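Here are a few short exercises to work through with the model open beside you. Try each task yourself before reading its solution.

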Amino acid sequence: MVKKILKIEQLKTYFYTWAGIVKAVDGIEIDVNEGETLGLVGESGSGKSVTALSIISIVPSPGRIVEGKIIYKGENLLEKTEKDIQQIRGKEIGYIFQDPATSLNPVYNIADQLTEVIRRHQNVTKKEALEKAIELLSLVEIPDPEIKIWNYPHQLSGGMKQRIAVARALSCQPSLLLADEPTTNLDVTIQAQILQLMKSLKHKLGMSMILITHDMGVVADVADRITVLYAGRVCETADTRTIFFNPRHPYTKALLTAVPSLALRKEKLEVIPGTIPNLIEPPSGCRFHPRCEYAKPECSKEMPPLEEIEPGHFVACIRALEIEIKSPLGHR
Amino acid sequence: MGKENFLYVENLVKHFPIYSRGIFLRKSVGTVHAVDGISFSIDKGTTFGLVGESGCGKTTTARSILNLDSPTSGNIYLEGKEIGAIFKSKNKAEIQKLRRKIQYVFQNPYASLDPRMTVADIIMEPFMIHKHVPKQKWYDKLYELLGLVGLEEYHAERYPHEFSGGQRQRICIARALAVEPQLLVADEPVASLDVSVRAQILNLLQQLQQKLKITYLYISHDLSTVRHICHRVAVMYLGKFVEIAKTDELFNSPLHPYTQALLSSIPIPDPKTKRSRIILPGEIPSPINPPLGCRFNPRCTIKNKDLCTKTEPKLTDVGNGHWVACSEAHK
C-alpha cells in the first residue's frame, strides 16, 4: 500500500464578489502518493491554482475555503491555526508561482530572498544561511552562484528567475512541492531546461510534486498520475498512460484532440464548442454537459459523482461506461 | 524568390538605438539589432510562418512590414511594388490605400479593442476611414463580417468586456477583414487563448483563407500551431533566419542545430514517446552585442571552433526550397 502524503476531500473554495459567489473550486478530490508527481490539468478558470493556494491557505480575499478537508501527512491543515500553518508553508510544502517576474521581490537581492526563507525555518546563523543559499543556486545549475547571489531580480533573465524560484521553494527540503505553471512564461528551449531540472531534483531529493499546467505535453513528460479539472470539479483521475490512451471522460478526450499535434497533421482541428462556463451560475448537473457531444437529458439534472471504474481510475461521468471514447493516440 | 512573389521582403534591417540617460547630453550608446538582414517571400493565398523564441525579432519584422516601425534599411515589395517608399512619401491617400491591403491581428485581444466602443463601432470604423462601403450598406456588411467570423448579429451592440478571449479575437479578425485586405499579419493570435478555444480560432483562420484567398504572415513561438496552419516556415534566431523550408520538410528533416533543438524541446502529448531531448546550454544572447560569426555558436552543439566563431554563415539553398544558414549542417 502506497502512503498518501496529501489527500483533499470535498474541497470547496468560493469567492464572494459583488456580482455573486464564484464557485472556483467546488468539491475537488485529489490525492498525492509519496514520491509521485501529480499533474493537475485544466483550462484557465478550472480551479487549478485556487486548489494549490487552498493547500497552503493563502487564498486571496474575497475567497474563502468553505468546506472540505486537506489532509497532509495525516493531519487536517484546515483545522490548524495560522501559526501552525506557517511552520508548514515554505518548510514542508514548497511553492513555485507561475510568473517568476512577479513572485520575486524586486527590491531585495537574491541572497536576501533565499536566506529569509532559510532563517525563518531553520536554526542557522546568517553566514550559514548564505552558504546554504549559494549551495542551492549551484543545485539549480546557476553559473557563478557566488556572484549571482548578489544580483537583483531585474538583472536576471526569465529562465534564471524561475531557477531562483525553484531554489527558494526547495530551500528547506519540502516533502511536497506545488509548481503552478512553472514554465508557462518561458521559451520552449528554456522550458525544456527547467523541466529537466525539476525532474532530476525531484529524483535527487525524493519529494512529491503537484504540477499544475494546461499543457498536455508537459504532463505527458513529467507526471506519474493526472487529474483533469473542469470548472471547479474533477473530471477524471488516472495514471498518465490511462489518461492518454484510455480516457473515459468526454472532456479529457476533447482536451487531447483539440491540441494541434506535431506528430499528426490534421486538415481540421476538432473543436470543443462553446466556452468555459461562468462559475457564478455554473450549468446544472454535469458542468461539461452544454459542450459535451455525448450529453443526454439526465446529464443536466444531477452532478455526477467521482467513481472508481477500474482500480486507480476515477471518472465523474454518468455515461463513462456506456460511451465509446477513442483516444486520438489509439489504445494501448 | 523575388519581386514576382506576392510579398517579397529583401534584406530587412531594423535597429533600435539606445540612448544614454540625460537631458542635454543624449547620445547613442549602442543599438539593438532586432532584425538584421532577412529576406523572404510569400506566395498569394498561402501562409508563411515565422517562429522563434521571445526577443528574436518576429514582431519587429511584422511591424516593419506594416511600417508601424519604419525599417532601418531594406525593401518590401507587395505585388511587385516597393511599399517602403510609399510609406516614406507621406502621401496620405496612397498610404491609406496600402493600409487597406495589409492588416494586423494583435497578440492580446484584451488590449487591442477599445473598451468604450461597441463591436459595431469597432468593426465599422474602417468603413468610416476608407469609405469603401456605401453608408446604407454598413450594417449589411457588419452582419456579414460577424457571420464570417462566427459571431451572432446581436453581438454587434455589445462592448468588448462582455466577450471571452476567443470571441474577442474573432472581433479583432472581423475588424481586420472589414477593409478586405490581401495580406493579414497575425501576431501570435492564439497565444493568450485556452487550448479548447485555440483550435476554434485556428480553424477559423484556415476557413477564411480558403473562402477569401487571403495571404497570412503567421507569427508564433508555438511550433505545433505553426505546423498545423503554415505552408512554409522560417525559423528566426537573434534577428536572423537560420532556416526556411516547407512545413513538412522543416518538421521532418530539420537541418540547422537550433531548429533541431527547438523541435526536440517541445513536449509531445504522448507518454509513449521518450525522445532524446537536445537541451541547449545557456540562453539567447543579448541583441545589443550579438556574438561574432554565427549568432548561434555559443549554444551550438556541433560548432566548428575556427569557422563558426569568425564567419557568419549565409542562408544557402540545399534543394527543394529548403534554405539553411549553417556551415556545418550539410556536411
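**Exercise 1.** Find how far apart the centres of domain 1 and domain 2 of chain A are, taken over C-alpha atoms, and describe the contact between the two domains.

*Solution.* Keep in mind throughout that this is a predicted model.
- Start with the bounds: domain 1 of chain A is made of 4–92, 179–196 and 204–315, while domain 2 covers 100–171.
- Next, take the C-alpha centres of domain 1 and domain 2 of chain A, which are separated by 30 Å.
- Then count contacts, with C-beta atoms within 7 Å as the cut-off: 9 residues of domain 1 of chain A meet 7 residues of domain 2 of chain A.
- Finally, sort the domain 1 side of that contact by class, which gives 5 nonpolar, 3 polar and 1 charged residues.

**Exercise 2.** Work out which elements of chain B supply the side that touches chain A.

*Solution.*
- Begin with the totals: 32 residues of chain B are in contact with 39 residues of chain A.
- On the chain B side, helix H7 (195–212), helix H8 (223–229) and helix H10 (257–264) each provide at least two residues.
- The largest share, 7 residues, belongs to H7(B).
- Sorting the chain B side by class yields 15 nonpolar, 11 polar and 6 charged residues.

**Exercise 3.** Which residues have the most contacts inside the largest nonpolar core?

*Solution.*
- The largest nonpolar core has 187 residues, and A:Ile210, B:Leu217 and B:Val235 have the most contacts inside it.
- Domain 1 and domain 2 of chain A each contribute at least three residues to this core.
- Now zoom in on B:Val235: leaving out residues up to four places away in sequence, its contacts include B:Val51, B:Phe241, B:Tyr258 and B:Leu262.

**Exercise 4.** Trace the open sheet of 4 strands in chain B and identify its edges.

*Solution.*
- Follow the strand order, S2-S1-S4-S5, with antiparallel pairing.
- The edges are strand S2 (28–42) and strand S5 (81–82) of chain B, each paired on one side only.
- Inside the sheet, strand S1 (residues 7–19) and strand S4 (residues 73–78) of chain B are joined by 5 bridges.
- As a register check, look for B:Val9 opposite B:Ile76 in S4(B).

**Exercise 5.** What feature does UniProt place at residues 7–263 of chain B, and how much of this span is helix and strand?

*Solution.*
- An unreviewed UniProt entry gives "domain: ABC transporter" for residues 7–263 of chain B.
- That span is 38% helix and 27% strand.
- Its end C-alpha atoms lie 27 Å apart.

Technical notes: Residues are numbered from 1 along each chain as its sequence is written. Chains are lettered from A and ligands numbered from 1 in the order in which they are written. This is a predicted model: local features need pLDDT of at least 70, side-chain atom pairs count only at pLDDT 80 or more; totals for chains, interfaces and linings use all residues. Domain bounds come from an automatic or database domain assignment. Ala, Val, Leu, Ile, Met, Phe, Trp, Tyr, Cys and Pro count as nonpolar, Asp, Glu, Lys and Arg as charged, and the others, Gly among them, as polar. Two strands pair if DSSP finds at least two bridges between them. A nonpolar core is a set of buried Ala, Val, Leu, Ile, Met, Phe, Trp, Tyr and Cys residues joined through C-beta atoms within 7 Å. A residue is buried if 20 or more other C-beta atoms lie within 10 Å of its own, exposed if 12 or fewer, and partly exposed in between; C-beta atoms are placed from the backbone. UniProt positions are given in the numbering used here, feature names are shortened, and annotations may be inferred rather than shown by experiment.
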